[in-house]
Structure formats: C-alpha cells, structure tokens
Amino acid sequence: MSALRQLQKNYEQTLDTSFQWNYRILVVEDQKEVAQSYTDILEHSAKVIPLQRSSRSARIESVNQDSPEKHFPFELTIVHSAAEALDAMKAAKAKKQSFAMGFIDVLLGDGMDGIELLKEMQKMDEDFYGVLVTAYHDRDVDSIHRFLGEDKVDQWDYLNKPFTNGEILQKARNYISLWNLQKESKIREKEMQELRNQVFQSERFSTVAAVARGVSHEFGNILLQIMGKAELGQMGDEAKKTHSLEKILEASIRANEILDRFNHLANPGNTEFPKESHNIHNIVSSALDLMEHQLKTQGIKICKIKSDNGKVFVNETSIMQVLTNVFINASHAMPGGGQIDLGVYDQGDFCVLKVRDYGTGIADKDLEHVFDAFYTTKGKKGTGLGLSICREIVEIEHSGHFKLYNHEVKGLVIEIQLPRKEVA
Amino acid sequence: MAQTDLNIQILVVDDDKQVLEVIVEYLEYFGLCNVKSFSSAQQALTYIQDTRNVIDLVFSDWEMKHLSGLDLLKAVRGNPHRKETPFIMVTSQGSMERIKITRAVKSKVDAYIIKPFRAETLKNKIWDVLEWNQEDEQAS
C-alpha cells in the first residue's frame, strides 16, 4: 500500500506543476504609426466589446467590465525590420521566453519580405504562429502555402490591411490560445507517459514483493534443512555425515533454483524486454513453481490441459509477471481453496492460454472497470493495478489480446492470446 | 523449576517433510525420543482431540495449507483438557511475522522460534517453556 500511496503522491505532484501561459507577441511592422495601433488594440483594448467565450467566462467579464483583457495580458514586442525580428527571436529563445505568435507585415522595405521572414522565424522556432499582414494582393494564399510548405499549413494566417481592431484582437486571442493549449497538452502527455512508466515499474515491484513473501518462507525451510543436517551430521558417525551431506546438497540445489527464477523476475536485465521464441508450457511451469508455496498454503489445485505445442514469441519475464499476477488474483478469489484450470489452445497465428478459477467471478458492474488503473474490488488488499498492467504487457508489448469474462457456471476466465511469431 | 523428564510426549507438525525430519532428529539428539510427527495440522488436531494420552508439548509450523499453525493453537486452547499444553510456534522470516506473533501471543502461544534455527536455540526454547534447568541436567 505504501508504494501505491507514493505513486498517488507523485501523480498529484506531477500534475500540480501549473502551466504558465505565454502571452508574448512579436509585431514586425516598418511603419511606426501602424505599429502603434497594435499597442493600442492589444494592450489598451478598451473600445473592444469583450468576447464571450463561454457562459462562465462571460460572467467573469461582466464583473470586470472595465478591464476586458484581464484574461489575455498580451506582452508586445515591436520591431521594425526583418533583421530586428530575427534578433528578437534569437534573444527570446536564449532567455527561454519564446514568442507564441507574431503579426508580420509582408512588405518590409529592403531585403527579406514578411513571408520569407516567417519561414526563417519558424525554422528557429517551429511552434511559432505567424499572421501575415499585407495591404497588397500581390501574393495569394496558395503561393504562400507553397512557399511555406505543407507541414506549416496550420502555423500561419493572413490578414488584409486596413485591419479592424476586432480582427487583430481576435487573431491574437486565437493563436495565443492555440499555442498555449498545444504546449500544455504536450506537457501533460509527457507527464502521463512518465506516470505510466512509474506505475508499470511499481507494479512490477509489488508482484515481486508478493512472490518474495512465498520465497522467504521457502528459504527458511531450506536453510533449516541445511543448518540442521550440517549440525546433526557433525555430531554423528560417518554414515550419518554422508547422508547429511547429500541432504545439504539437495537443499542447496533447491535454493539455487528458486533464486534463479526469482532473480529473473526481479531483474529483467534491461527495460527493453526483448522477445524470443519460447514454450508457454515452460513459462507456466516456472510461474507455478514460484507460486507453489502460496497455492499450496491456500489449498489450490492446478489442472492442466495441453492441446497445443505452446510455441510463442514473447518476453519471458513479462509473461511470467502476467501469469503470477493472474494466479495471485485467482488465489485471492478462492480464499478457502479451490482449483485453477489451465488450458493451452491453438488459434492459428496465436497461442491461447485460458486460466479459469472457481471463485465468485466479477460482478457485472465491476467487469467494465477491471482494466482501469486503481480500480479494485479487494478493498485495501489490492492496488487495482494488476489487470491493467497485465493487459498492457499482453496487448501493447506483445500485440496479443487479454480478455476476461465470467465462466457461465462458476468463476472467472482469463484468456491470453500470444503471437507465435514476431509481429511487425 | 520443573524436573527434567526426557520421556515427555512431544507433537511436531510441519507440512515440509524435510523440515519435519530435521526437527525430529534434533529432538532425538537432545534425548527427547517420545516424539510424534504430523505433516498437517488437521492430522495433529485429530490426534489431539481423540487421544487420552498426556501431551506435554506441541511444536508446530505456522504456514500450512488448510489449517494453519494458528488454527491449531486456537483449537488446542479451546479444548478444556489441553488449554494448558505448552505450544511452540515456528515461523519463517518475513514482513508479516510481527503481526503474526502478536496474534499468536493473544492466543497464548508459549514461545515462537524463527526458521532457520540452530540446535542451541531450539533447546533453549524447549527447556524454557517446560521450565527445565539445563545446568541440573548437565550435573546429573
């Protein structure tokens, strides 16, 4: 449980990083009086009727009638030539305070025109939105589109002079919003990916911990056998000593086998999870060996049906993890003992492993949520992560299928479809 | 201090046959030869409920399938003729052990011993529970 709590804390912390909106606008305009009108419109837009974006923001704006731009505190930088514009971009980038958008006059006197300038600016900052402003109809939008390129089609807009205050204000609001929403969604996506990785790692550890408890009991028994036989052997005659040494060797081999399997589960070696040809029967046996103690203690019998050669192309460790999880779930479903049926079937390019327990199954209302992370029917006993991780391993890592349904008579069936060959 | 009597009846319960064998060998080495061993708590319980013989000590593993060592302890304490029977619980090292020991203490376990253990520890536990004096024994 503490691992889960840590995870939730991480989750909250990660999402708490509030995203600061960027209101920086670069205006490239060689005529001073036109440049001044940008300042008038965007920084003191008192004459403009506030935009009603939604019922909620409308309410806020009606309260703040005298400061309609409270929600868009634009920060304007005004330059008068292409060279100044590129310098401003460079400086902003160096300070990590890049511009979200710009209004660019197409005719800028000598040298580069506004369209060429925008192309250069977007080379420096691919997220930058440019609104081209022109008094002449010398370049149509198609020729600009061809010049800037297919991939930039949603990164620029076009406005004719003389523009109205509303046009400028609304374009500024649109592109500032677009830039910030896209940036924010990228950041959130990255955060979500990080969290998914954390969840994945932590679940791997909690499976390891569950198996470790069984293994530690097993080791207590084995060590007692080794120490006892050594101590008793020391005190006995030659025959007794020989017998003791044999027993000690036997116990050591048993310990080593358990350790091997456990290490394999705890240290997957690398995080890439390389796949190889394996036999699912062998993986099932290894997982059962690891779980042997827990299953035995709970009085759970295993019934195997083999109707297939079991050839699969998988990462052994990942599939071991899926199976131990599935077996742990099955054993939780049958606290008073019971049986687990294991069947391996052929399905063309896939090999199917069916695991059925004889527990109470899952209530219909819970069935649709079992793959949701943190959803658990086990109260404080479960982290609610097991099945979602299992499905991720099978479906995303292996391009297989992980299905789960109640058996028509009793218990739960989990169907794991695994590819036989490498999936491109 | 009670009088050392190596002839007492001891029950040993463990579902791991190898462990059972080692414990019985240890007891024999201490001179305790009146030992009955059981590979499940159920078998031990049947014997405990059915026999009219005196049982002087029960030595049981905790983690066994079906009936656990705690179930056995509770059954023994619940039997009016056996509620004073000395009971030693065997556990393995693990995170749950402290909780288990607390529960066992509530059910009046006399001692617990953690696997793996050595001859001396085992002997001390038994002698303590039975209130025997090890020096007496050495002197006699």
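1. The first residue to note in this predicted model is Asp105(A), which counts as buried at 4% relative accessibility. The cut-off for that class is under 20% relative accessible area. Lys161(A) is buried as well, with a relative accessible area of 18%.

2. The side chains of Asp105(A) and Lys161(A) form a salt bridge, with an N to O distance of 3.1 Å. This pair links distant parts of the chain: Asp105(A) belongs to strand β3 (residues 101-105) of chain A, whereas Lys161(A) sits in the loop between β5 (156-160) and α7 (165-235) of chain A, and 56 residues separate them. Over all chains, a search of the whole structure finds 19 salt bridges, of which further examples follow.

3. A salt bridge also joins the side chains of Asp157(A) and Lys171(A), at 3.1 Å from N to O. Here strand β5 of chain A, which holds Asp157(A), is linked to helix α7 of chain A, which holds Lys171(A); the two residues are 14 apart, and the pair is again one that links distant parts of the chain.

4. Which side chains meet in a salt bridge at 3.4 Å, N to O? They are those of Glu231(A) and Arg118(B). Because Glu231(A) lies in helix α7 of chain A and Arg118(B) in the loop between β5 (111-115) and α5 (119-129) of chain B, this salt bridge joins two chains. As to accessibility, Glu231(A) counts as buried at 11%, while Arg118(B) is partly exposed, with a relative accessible area of 46%.

5. Residues of chains A and B also appear together in a network of salt bridges, which links Lys229(A), Lys240(A), Glu21(B) and Glu25(B). In general, side chains of opposite charge can pair when their charged atoms come close.

6. Turning to helix packing, helix α5 (residues 114-124) of chain A packs against helix α6 (residues 141-148) of chain A at an angle of about 30°, and their axes are 10 Å apart. The crossing of α5(A) past α6(A) is right-handed. On the α5(A) side, Ile115(A), Glu116(A), Leu118(A) and Lys119(A) make the contact; on the α6(A) side, Ile144(A), Phe147(A) and Leu148(A) do so. Sorted by class, this contact of α5(A) with α6(A) comprises five nonpolar residues, two charged residues and no polar ones.

7. For aromatic side chains, a search of the whole structure finds 13 aromatic pairs over all chains. In one of them, the rings of Trp21(A) and Tyr23(A) have centres 6.1 Å apart and planes at 35°, so the pair is tilted. Trp21(A) is partly exposed, with a relative accessible area of 27%, whereas Tyr23(A) counts as buried at 13% relative accessibility.

8. The rings of Tyr38(A) and Phe103(A) have their centres 5.2 Å apart; their planes lie at 40°, and therefore this pair is tilted. Tyr38(A) is in helix α2 (residues 32-43) of chain A and Phe103(A) is in strand β3 of chain A, so that the pair links distant parts of the chain, 65 residues apart. Both Tyr38(A) and Phe103(A) are buried.

9. In chain B, ring pairs link Tyr26(B), Tyr29(B), Phe30(B), Phe59(B), Phe117(B), Trp127(B) and Trp132(B) into a cluster.

Terms used
Residues are numbered from 1 along each chain as its sequence is written. Chains are lettered from A and ligands numbered from 1 in the order in which they are written. This is a predicted model: local features need pLDDT of at least 70, side-chain atom pairs count only at pLDDT 80 or more; totals for chains, interfaces and linings use all residues. Side-chain values use heavy atoms; hydrogens and water are left out. A salt bridge is a side-chain nitrogen of Lys or Arg within 4 Å of a carboxyl oxygen of Asp or Glu. Helices (H or I, at least four residues) and strands (E, at least two) are DSSP runs, numbered from the N terminus. Buried means under 20% relative accessible area, exposed over 50%, partly exposed in between (1.4 Å probe, protein chains only). Axes are lines fitted to C-alpha atoms, for helices over the stretch in contact, and angles run from 0 to 180 degrees between N-to-C directions. A crossing is left-handed if the near helix is turned anticlockwise from the far one by less than a right angle, and right-handed if clockwise. Contact means heavy atoms within 4.5 Å. Ala, Val, Leu, Ile, Met, Phe, Trp, Tyr, Cys and Pro count as nonpolar, Asp, Glu, Lys and Arg as charged, and the others, Gly among them, as polar. Rings of Phe, Tyr and Trp (its six-membered ring) pair if their centres lie within 6.5 Å; planes under 30 degrees apart count as stacked, over 60 as edge-to-face and the rest as tilted.
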